Amino acid sequence: MAIDEPPSRLSLDSTSRAPFVLIPCDNRMLGGHAYHVLGRKYSDAVHDAAGCHALLLPTSGDPDLLGYVELADGVLLTGSPANVHPIHFGQSIRNSALPLDQERDDVTLPLVRLAVERGLPLFAICRGLQEINVALGGTLLQAIQEEPGRFDHRADPHADATQQYEPSHPVDIVAGGELDRILGVRQLQVNSLHGQGIDRLAPGLRIEAQAPDGTIEAVHVSAHPGFALAVQWHPEWKVLENPASAALFRAFGDACRRMRARRAETSAPSGLPRAA
């Protein structure tokens, strides 16, 4: 489906045998209690646009990561109010007022490496892009807006969510890359709600799109045999109203379906030999 075609909501019948997408949760204190938290927009996008089931992954208490990966047909790394702790890329904390989630780091960073090793379809959004870069050996800018020549990529904290998620700037898409293949366009208007971003690109990552100020907005994991794409913007927001966002989630879902089919073939028992 071309990105200018209107997406449609998938029926329940079409998802009755859908793949499972592993989604790590955030950790947050609410009313004095510790919670695992996942923004509903992410699980909704996985179901409505990718045609998959969400499989939530706790990110505290040393979860059985291998056990969860064995159940999953793909991995989605979401955005978050919390940043990746700079200790993971050799820096000290620049602004102690910004939230961190080290328990999530302890799960998502090894999860990235495991997903790449096993060829699990991998789609990452905002913080997820930064997690991929850090997990594979790259570094981050902790305050893009303070870098010479860079835009302020943060959302207006006083605006409502609809205003915050409106298109903010264009990104130029690299010819011949995964984004170009999926979307068939060379420029895209995207929203922007991040204060951090890629500084030194990790080995094995290929740039897929950049903002006009040079900020890396999308990458692909070159060593991954299948779908392994990360974007700095938020395609999950009102995904069915945005043809490009729907196309990205649909491509991810298709990759998860192919993975599920391959795994089914591998685990299927062989037929009994026929009698002579």
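**Figure 1. A nine-stranded open sheet in a predicted model.** Here we look at an open sheet whose nine strands follow the order E4-E1-E5-E6-E13-E12-E11-E8-E9, and the pairing is mixed. The model is a predicted one. Strand E4 (53–57) and strand E9 (187–190) sit at the edges, each with pairing on one side only. Going from one strand to its neighbour, the average turn is 25°, ignoring direction.

**Figure 2. E11 and its two partners.** Strand E11 (residues 205–210) pairs with strand E8 (residues 169–173) in the antiparallel sense, over two bridges. Look for isoleucine 173, which has alanine 209 of E11 as its bridge partner. E11 also pairs with E12, again antiparallel, and this time five bridges hold the pairing. One of the pairs to pick out is leucine 205 with valine 221 in E12. The two strands make a hairpin with five residues between them, and in the turn glycine 214 has a positive phi of about 95°.

**Figure 3. Helix H4 on the sheet.** Helix H4 (residues 127–135) lies across five strands: strand E5 (74–77), strand E6 (122–125), E11, strand E12 (216–221) and strand E13 (228–231). Against E6, the helix runs at about 115°.

**Figure 4. The E2–E3 hairpin.** Strand E2 (residues 26–30) and strand E3 (residues 33–37) run antiparallel and are joined by five bridges. Aspartate 26 stands opposite valine 37 in E3. There are two residues between the strands, and glycine 31 takes a positive phi near 60° in this hairpin.

**Figure 5. The largest pocket.** This pocket has a volume of about 710 Å³. Its lining takes in 35 residues, and the ones closest to the centre are Ser80, Pro81, Ala82, Asn83 and Leu193. E2, helix H1 (40–48) and H4 are the elements that give two or more residues to this lining, so the hairpin strand of Figure 4 and the helix of Figure 3 turn up again here. Sorted by class, the lining has 14 nonpolar, 13 polar and eight charged residues.

**Figure 6. The second largest pocket.** About 290 Å³ of space lies in this one. Of its 18 lining residues, Tyr165, Pro167, Asn191, Trp237 and Asn242 lie nearest the centre. The elements giving two or more residues to the lining are E9 and helix H7 (243–267); E9 is an edge strand of the sheet in Figure 1. Nine of the lining residues are nonpolar, six polar and three charged.

**Figure 7. The largest cavity.** The count of cavities of 30 Å³ or more comes to one, and the largest cavity holds about 50 Å³ of space. Asn83, Val84, Pro86, Ile93, Arg94, Asn95, Leu98, Leu100, Gln142 and Gln196 line it. Asn83 is worth finding in both views, since it lines this cavity and is also among the residues closest to the centre of the largest pocket. By class, the cavity lining splits into five nonpolar, four polar and one charged.

**Figure 8. Confidence across the model.** The average pLDDT of the protein is 92, and 91% of the residues score at least 70. Residues 6–16 are a stretch to view with care: pLDDT stays under 50 there. For that stretch, the model has 17 contacts beyond four places in sequence.

Key: Residues are numbered from 1 along each chain as its sequence is written. This is a predicted model: local features need pLDDT of at least 70, side-chain atom pairs count only at pLDDT 80 or more; totals for chains, interfaces and linings use all residues. Side-chain values use heavy atoms; hydrogens and water are left out. Two strands pair if DSSP finds at least two bridges between them. Axes are lines fitted to C-alpha atoms, for helices over the stretch in contact, and angles run from 0 to 180 degrees between N-to-C directions. Contact means heavy atoms within 4.5 Å. On a 1 Å grid over the protein atoms alone, a cavity is a set of points where a 1.4 Å probe fits but cannot get out, and a pocket is an open set with protein on both sides within 12 Å along at least five of seven lines; lining residues have an atom within 4 Å of a point. Grid points are joined across faces, edges and corners, and a volume is the space filled by probe spheres set on the points. Ala, Val, Leu, Ile, Met, Phe, Trp, Tyr, Cys and Pro count as nonpolar, Asp, Glu, Lys and Arg as charged, and the others, Gly among them, as polar. pLDDT is the predictor's confidence in each residue, from 0 to 100.
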